[in-house]
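Subject: Structure handover

Hello,

Here is the structure I said I would pass on. Please look it over before reading the notes underneath.

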Amino acid sequence: MAFPTSVNDQITDSVSQSNVTVLGNAPAMALGVIYQSLAQAVSLAAQNAVAAQQSLAAINQAATASAVALILNGKS
């Protein structure tokens with residue numbers, strides 16, 4: 001129980017319990033934020049990898065088409 005005040009004891013106890021609840025939940029909330037940040041970073045890395053693969057596939061296709069055109073035209 002809190003120090004004697006002019007406020008009802010039930011109110012001070014309720015506020016104290018709310019504060020304890022917030023402090024008790026803080027580590028779990030912090031871990032949740034860390035996990036979400038990690039998940040976002042990993043998904044962004046995967047998205048960048050896919051974009052790089054698509055770009056390389058387009059470059060490979062263009063190079064192949066250019067080489068085939070040179071072969072068919074008989075130029076070297």
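What follows is a short account of what was found, going from the overall form to single residues.

Please keep in mind that this is a predicted model.

Overall form. The protein contains 1 helix and 0 strands. Its radius of gyration is 32 Å, whereas a compact globule of 76 residues would have one near 11 Å. Along the principal axes, the C-alpha atoms occupy a box of roughly 100 × 15 × 10 Å.

Surface. Of the 76 residues, 1% are buried. The exposed area comes to about 6,600 Å², and 66% of that is supplied by carbon and sulfur atoms.

The helix. Helix α1 covers residues 9-73. How far apart are the end C-alpha atoms of α1? They are 95 Å apart, which agrees with the 96 Å that its 65 residues should span at 1.5 Å a residue. There is a bend in α1 of about 40° at Ala-26, and the proline Pro-27 follows within four residues. Just after α1 comes Gly-74, which has a positive phi of about 75°.

One residue in α1. Ala-51 lies in this helix. Is Ala-51 buried, partly exposed or exposed? Its relative accessible area is 36%, and because buried means under 20% and exposed over 50%, Ala-51 counts as partly exposed. Between Ala-51 and Leu-38 there are 20 Å in space, C-alpha to C-alpha, and the two are 13 residues apart in sequence.

Regards

Note on methods
Residues are numbered from 1 along each chain as its sequence is written. This is a predicted model: local features need pLDDT of at least 70, side-chain atom pairs count only at pLDDT 80 or more; totals for chains, interfaces and linings use all residues. Side-chain values use heavy atoms; hydrogens and water are left out. Helices (H or I, at least four residues) and strands (E, at least two) are DSSP runs, numbered from the N terminus. The radius of gyration is taken over C-alpha atoms; the globule rule is 2.2 Å times the number of residues to the power 0.38. Buried means under 20% relative accessible area, exposed over 50%, partly exposed in between (1.4 Å probe, protein chains only). Accessible areas come from the Shrake-Rupley method with a 1.4 Å probe; for residues, only the protein chains shown count as cover. The expected span of a helix is 1.5 Å times one less than its number of residues. The bend at a residue is the angle between axes fitted to the seven residues ending there and the seven starting there.
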